[in-house]
Amino acid sequence: MGVKIDKAFYIKTKKIISNFEADKQGLTGEKFSCPICNATLSFTKHFEKNYPNKVVKVSPFFSLIPKVVHNEDCKYNTAGRVKKIMKKAIELKDFIEMDPSKKPIIRLQVVTEELESKENPKDDVPNENDAHEMEVENDGSLSPYLSAMKQIMILRSEVENNNVLKSEIKLKYKKKMVSWDNFYFGQKEVEYIKLTKYLDKKSIPKHPVCIEGYITKPLEYVKFPNKSEFHKVFIEMPYINGLDDEGKKEIPSVSFLIPIEMEHIKRKIESEMQKGNNQIVAYGKPYFKKNTGRQPLTEYHNVTLYINKKAQFHCFNDTM
Ligand SMILES: [Zn+2]
């Protein structure tokens with residue numbers, strides 16, 4: 001558990017080994033330790049994810065064995081990363097409150113409000129740096145709420161699942177607590193199904209959600225019947241084999257829409273794609289709509305997020 005790590009100390013050879021080398025040698029089950037703090041690590045070999053039109057190989061990685069944690073000052077320590085992010089955010093009293101055990105609770109309604117305010121594309125600061133704090137710090141005049149949200153989203157994308165952050169940060173929308181499992185949805189088909197089931201309820205939640213996905217093709221211009229215009233980011237649909245109880249095939253379909261005037265956001269995603277970063281995670285208020293496909297018995301469960309601000313997305317690549 002914890003953050004995925006790409007190199008480790010191999011106890012048998014007493015040498016540092018990369019994730020790809022360990023994969024080549026088939027070292028599943030061998031003993032490794034953190035190159036910085038010596039915490040015991042295990043190795044997960046590469047695995048495959050199936051999509052309707054392709055199979056994607058996810059990179060192998062090292063991660064903590066159960067019940068072990070990195071040293072407090074190790075850069076792979078998740079609690080340490082959370083503390084660092086929160087150090088700045090904690091000043092924002094309307095954004096963060098503390099629970100009785102002194103763990104931060106994020107008030108998601110502040111994020112929703114902030115997303116509705118306009119971003120001036122002229123405020124854009126060109127950014128050639130990748131990921132992490134560097135990326136966020138260089139995003140120029142980002143709202144402090146949204147940049148903290150972005151850093152938390154990036155950290156979550158680097159750990160294996162929601163459980164890692166559950167004990168570090170809590171989420172709340174107005175008076176109600178929001179579970180991480182109803183907030184962050186990864187790329188696996190089960191998570192997309194969970195997402196559409198959650199949004200298909202009578203009242204779609206008002207809090208923002210984070211969704212990860214693979215970008216399948218170049219961005220395209222789209223115009224809707226109401227004349228609104230967007231750049232559309234196409235996200236790979238999961239491969240759904242089975243039918244539901246009524247004999248229907250329900251296919252989650254996620255897309256991100258960028259308002260046409262937000263040309264700088266489109267360019268940023270395109271430049272990330274050129275660097276091979278074809279995976280994206282974005283947060284925003286979700287919109288949900290069901291469509292029946294041309295093929296009988298197929299129902300598309302469409303989820304749309306609007307990206308108005310650079311703080312809302314992060315591109316990355318964890319595939320081989
Ligand atoms: Zn460590």
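**Exercise A**

Determine whether P238 is buried or exposed, and say where along the chain P238 lies and which residues it touches.

*Solution.* Before any counting, note that this is a predicted model, in which local features need pLDDT of at least 70 and side-chain atom pairs count only at pLDDT 80 or more, whereas totals for chains, interfaces and linings use all residues. Residues are numbered from 1 along each chain as its sequence is written.

The next step is the criterion: a residue is buried if 20 or more other C-beta atoms (placed from the backbone) lie within 10 Å of its own, exposed if 12 or fewer, and partly exposed in between. P238 counts as buried because 22 C-beta neighbours fall inside 10 Å.

For the location, take helices (DSSP runs of H or I, at least four residues) and strands (runs of E, at least two), numbered from the N terminus; P238 then falls in the loop between β15 (229-234) and β16 (249-259). With contact taken to mean that two C-beta atoms, placed from the backbone, lie within 7 Å, and with neighbours within four places in sequence left aside, P238 is in contact with Y51, E189, Y192 and P252. As a check on distance, the C-alpha atoms of P238 and P35 are 36 Å from one another, and these positions lie 203 residues apart along the chain in the sense of sequence separation.

**Exercise B**

Find where L195 lies, and explain why its burial class follows from its neighbours.

*Solution.* L195 belongs to helix α7 (residues 189-199). Its 22 C-beta neighbours inside 10 Å are why L195 counts as buried. Beyond residues up to four places away in sequence, L195 touches F185, I211, P252 and V303. K15, by contrast, is 180 residues from L195 along the chain, and the two C-alpha atoms are separated by 42 Å.

**Exercise C**

Two lysines, K67 and K227, have a positive phi; state the loop in which each is found and whether each is buried or exposed.

*Solution.* Begin with K67, which is not a glycine and yet has a positive phi of about 70°. K67 sits in the loop between β7 (61-64) and α2 (78-89), and K67 counts as exposed because it has 7 C-beta neighbours inside 10 Å.

Turn next to K227, likewise not a glycine, whose phi is positive at about 75°. K227 is in the loop between β14 (220-223) and β15, and its 6 other C-beta atoms within 10 Å are why K227 is exposed.

The loop between β7 and α2 also holds P66, which is exposed with 7 other C-beta atoms within 10 Å.

**Exercise D**

Describe how helices α3 and α5 cross, and which residues meet there.

*Solution.* The axes are lines fitted to C-alpha atoms, for helices over the stretch in contact, and angles run from 0 to 180 degrees between N-to-C directions. On that basis the axes of α3 (residues 108-116) and α5 come within 9 Å and cross at roughly 115°.

The crossing of α3 and α5 is left-handed, a term used where the near helix is turned anticlockwise from the far one by less than a right angle, clockwise being right-handed. The residues that meet are V110, V111 and E114 in α3 with Y145, L146 and M149 in α5.

To class the residues, count Ala, Val, Leu, Ile, Met, Phe, Trp, Tyr, Cys and Pro as nonpolar, Asp, Glu, Lys and Arg as charged, and the others, Gly among them, as polar; the contact of α3 with α5 then has 5 nonpolar, no polar and 1 charged residues.

**Exercise E**

Identify the residues with the most contacts inside the largest nonpolar core, and the helix that gives this core its largest share.

*Solution.* A nonpolar core is a set of buried Ala, Val, Leu, Ile, Met, Phe, Trp, Tyr and Cys residues joined through C-beta atoms within 7 Å. The largest such core has 45 residues, and M149, C210, I211, F256 and A282 have the most contacts inside it. Helix α5 (residues 144-158) supplies the largest share of this core, 7 residues. Apart from this core lies another, of 16 residues, among them V3, A22, F32 and F61.

For A282, neighbours within four places in sequence being left aside, the contacts are C210, I211, F256, L305, I307, Q312 and F313.
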